[in-house]
Amino acid sequence: MTSIIKLTAFSGAEDEGPPCYLLQVDEFRFLLDCGWDEDMRRLTVDNIKKHIHQIDAVLLSHPDPLHLGTLPYLVGKLGLSCPVYATIPVYKMGQMFMYDLYQSRHNTEDFDVFTLDDVDAAFERIIQLKYSQTHSLQGKGLGLQITPLPAGHMIGGTIWKIVKDGEEEIVYAVDYNHKKERHLNGCILDGIMRPHLLITDAFNADCVQNRRMQRDEQLMNTILQTVRNDGNVLIAIDTAGRVLELAHLLDQMWRNQDSGLMTYSLALLNNVAYNVVEFAKSQVEWMSDKIMKSLEDQRNNPFQFKYIQICHSLADLNKVPEPKVVLASVPDMQCGFSRELFVQWCGNPNNCVILTTRTSPGTLSRYLTDNPLQKTITLDVKRRVRLDGAELEEYVRKQKEKEAETQRQKMEQARKEKEELESSDESEDEIEAEVTPGVKTKHDLMLKSESKSRTGFFKQARKSYPMFPLKEEKIKWDEYGEIIRPEDYMINEPITNEEEKMEVEGAAADEKEEVEIPTKCICMIETLDILANVLYIDFEGRSDGESIRKILTQVKPRQLILVRGNKITIDRLADYCRANVVQGKILVPHQNEILDATTDSHIYQVKLKDSVVSALHFYKARDAEISWVDAMLDMTSTRTDISIKTESNRDDKKFDAKEESEEADVIPTLVPLLPHEVPHHAAVFINKPRLSEFKQIVVSKGIQAEMSGGVLICNNVVAVRRNEAGRLQLEGCVCEDYYKVRELLYEQFAIV
């Protein structure tokens, strides 16, 4: 069954922007990646915002911000509530990427685009899948199946295969790498044959890569030459993706005694470095066969680094002796430790800066890559500094006012809780008290003895011996029973004067650390002299142009959509595919343009009037039900979106009338014909039964049947054959067997 397939590019269309696309398969809409550029421009999220209530699922291909950067904003600020699908490493490493990005921004500027709570909320929505695990969608996506396949490039990198009703196959493959690396296997895109639609990028279509051995030698020689001149090496790398390949390579270099590098320092610097290494140790099953074999045979985890020192701040890095090689995030050098170290080290001719990734145009890293001979540069240098003088006094005054207000609110809350507790205690006492006409109820502490005699032993004792007010401590319980207070079971040991002094000093130090130091962010424009050696060594881990063409030739998709890449690169790859690869359509989307990639050109989307639906008679044909419709098209109805909109979404989606009118597509409506207008039609037989399957059905009914030269002979009387036009013919003598076989043959068709 042919589906309606449409694609809208929010970003990454005819440019090198981050990939973000809306794929519509019938009425179900996938958001393919939700990347954000390094400067976090609002244009991308504004484009997504217009369609946020239509998105039914999100598919993430890689863990870096280039592929999932807007996810915390979409969930935390725009209220995206649909399921998000990703592999387990994309889930874990994606969190590390976003934590590091937030902290890198927060360290130098007042960053409020999203919070760490937004990151946690976004990743709680992720449904984790394994490679080749087919997941069937339910509800609105019934009949759709998604399968993640290895893509290389980064740990957990995914090629998504979307299948509709087991027939139409859509493949989304961006930033894949077919080559085996030290810590990753290559992609399996060449194992997918003739999909109905392939969505891929042309980012590296004109790229020519050196051999891996040459790149490794260039890296090692550059490092040796720099550190032997007492210079430091800055390697700008990402947080939790390509850094694993480079860290594994450098640790192996340092382990080699012949390299001469053991005497120099090697450090990994980012805000979540420890967690990244720990996650890498626990995800070996997602890595290359060589690493798996090393772990199984020798119990040797390659990410148990021997020479790499983990650093989380510049203060930690300053403790590492020079000369040193530092792997610092982030690769674009727009923020983070890589930018700060570049500002510090670029003026020393003995130092070296190695760029490993081609980032988006406009970033510092891309500028240095495109202009390697540039010797001066003007930068915005952002810093977070402590408050002093009048600013500090103003901050302290505001903090005191804030604390006083907080204390007042706490006291008010405590007073209200006390009043509620007293009122509830009084109500309980009133319920428990025995109400007898003519007897005075006692509430005061001092009670006069009552002359009247009471019945009941416990009542007598309670009334005769009044007590002071006692607040009974209620025992708290949870699902495991009574809550245990550890302090009730601690043994108090005598503390010597020295121990007491150490505890006091430690508590004072902890209290000093917990006190938030008031700071502010400043920005200065500085002109820096680039005296250090700056060079680009390709460690991106993407397939090169020649390999991309070979893979597309093997896959031979029926239709192709090319995204992400400059216009010249996309046009060249499209011309090659038209000549050698694709027989169908090759589509190149513009930003916010809706591309129609429906395989069959004679398929349309219509709405049915209730009167038309009630008059339909359905006939079952395999897994589908079919009906003949006689109706007339009405083009006056406009499209109505029946998607559920939450209150938060409504607040964020205040579109003007012009935008709504552009999105409102006219969908034709089928209205019923009058009885005398309904034309007559000949019976239509729908299905393509196979003779081998029909033979089993005939035999199960007690009729002897055998195949001879492509003809099914039943009881030596009736013959069933397929003619040149592909239709079944029934021949034989008019007898009981003839009518019986004909009836069985009719049952294999839906006759409408």
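Good morning. A residue is called buried here when its relative accessible area is under 20%. By that criterion W286 is buried, because its relative accessible area is 10%. Please bear in mind that the structure under discussion is a predicted model.

Let me continue with the aromatic residues. A search of the whole structure finds 12 aromatic pairs. W286 belongs to one of these pairs, with Y131 as its partner; the arrangement is edge-to-face, with 4.9 Å centre to centre and 65° between the planes. Where do Y131 and W286 lie? Y131 is in the loop between β6 (126–129) and β7 (135–136), and W286 is in the loop between α8 (273–282) and α9 (289–298), so the pair ties together parts that are 155 residues apart in sequence. Unlike the buried W286, Y131 counts as partly exposed, because its relative accessibility is 24%.

Another edge-to-face pair is formed by Y738 and Y739, with 5.7 Å centre to centre and 85° between the planes. Is each ring's residue buried or partly exposed? Y738 is buried, with a relative accessible area of 16%, whereas Y739 is partly exposed at 43%. In addition, ring pairs link Y102, F111 and F114 into a cluster.

Charged groups also meet aromatic faces in this model. The charged end of R215 sits over the ring of F539, 5.9 Å from the ring centre. Similarly, R549 lies over the face of Y576, and here the distance to the ring centre is 5.7 Å.

R549 brings us to helix α16, which covers residues 545–555. The buried residues in α16 are G545, S547, I548, R549, I551, L552 and V555. What do the buried residues of α16 pack against? They pack against β11 (197–201) and α17 (567–580). After α16 comes K556, with a positive phi near 50°.

I turn now to the nonpolar cores. The largest has 47 residues, of which L219, I223, I235, L250 and W254 touch the most other members. The elements that give two or more residues to this core are α4 (88–106), α6 (212–227), β12 (233–236), α7 (243–255), β13 (265–269), α8, β15 (324–328) and β16 (352–355). Which element gives the most? That is α7, with 8 residues. For L250, leaving aside residues up to four places away in sequence, the contacts are L219, I223, I235, L266 and L327. A second, separate core consists of 36 residues, including I52, L74, F114 and V330. F114 is thus a member of this second core and also of the ring cluster with Y102 and F111.

Next, a sheet. Three strands form an open sheet in the order β25-β29-β28, with mixed pairing. Strands β25 (607–608) and β28 (631–634) stand at the edges, each with a single partner strand, so one side of each is left without a neighbour in the sheet. Between β25 and β29 (residues 669–672) the pairing is parallel, over 2 bridges. L608 stands opposite L670 of β29.

Finally, I713, a residue of strand β32 (residues 711–714). I713 counts as partly exposed because its relative accessibility is 25%. Which residues does I713 touch, not counting those up to four places away in sequence? The contacts are Q704, A705, E706, S708 and V718. The C-alpha atoms of I713 and G732 are separated by 9.5 Å, and these two residues are 19 residues apart along the chain.

Thank you for your attention.

Methods
Residues are numbered from 1 along each chain as its sequence is written. This is a predicted model: local features need pLDDT of at least 70, side-chain atom pairs count only at pLDDT 80 or more; totals for chains, interfaces and linings use all residues. Side-chain values use heavy atoms; hydrogens and water are left out. Helices (H or I, at least four residues) and strands (E, at least two) are DSSP runs, numbered from the N terminus. Buried means under 20% relative accessible area, exposed over 50%, partly exposed in between (1.4 Å probe, protein chains only). Contact means heavy atoms within 4.5 Å. Rings of Phe, Tyr and Trp (its six-membered ring) pair if their centres lie within 6.5 Å; planes under 30 degrees apart count as stacked, over 60 as edge-to-face and the rest as tilted. A charge sits over a ring if NZ of Lys or CZ of Arg is within 6 Å of the ring centre and within 35 degrees of the ring normal. Two strands pair if DSSP finds at least two bridges between them. A nonpolar core is a set of buried Ala, Val, Leu, Ile, Met, Phe, Trp, Tyr and Cys residues joined through side-chain atoms within 4.5 Å.
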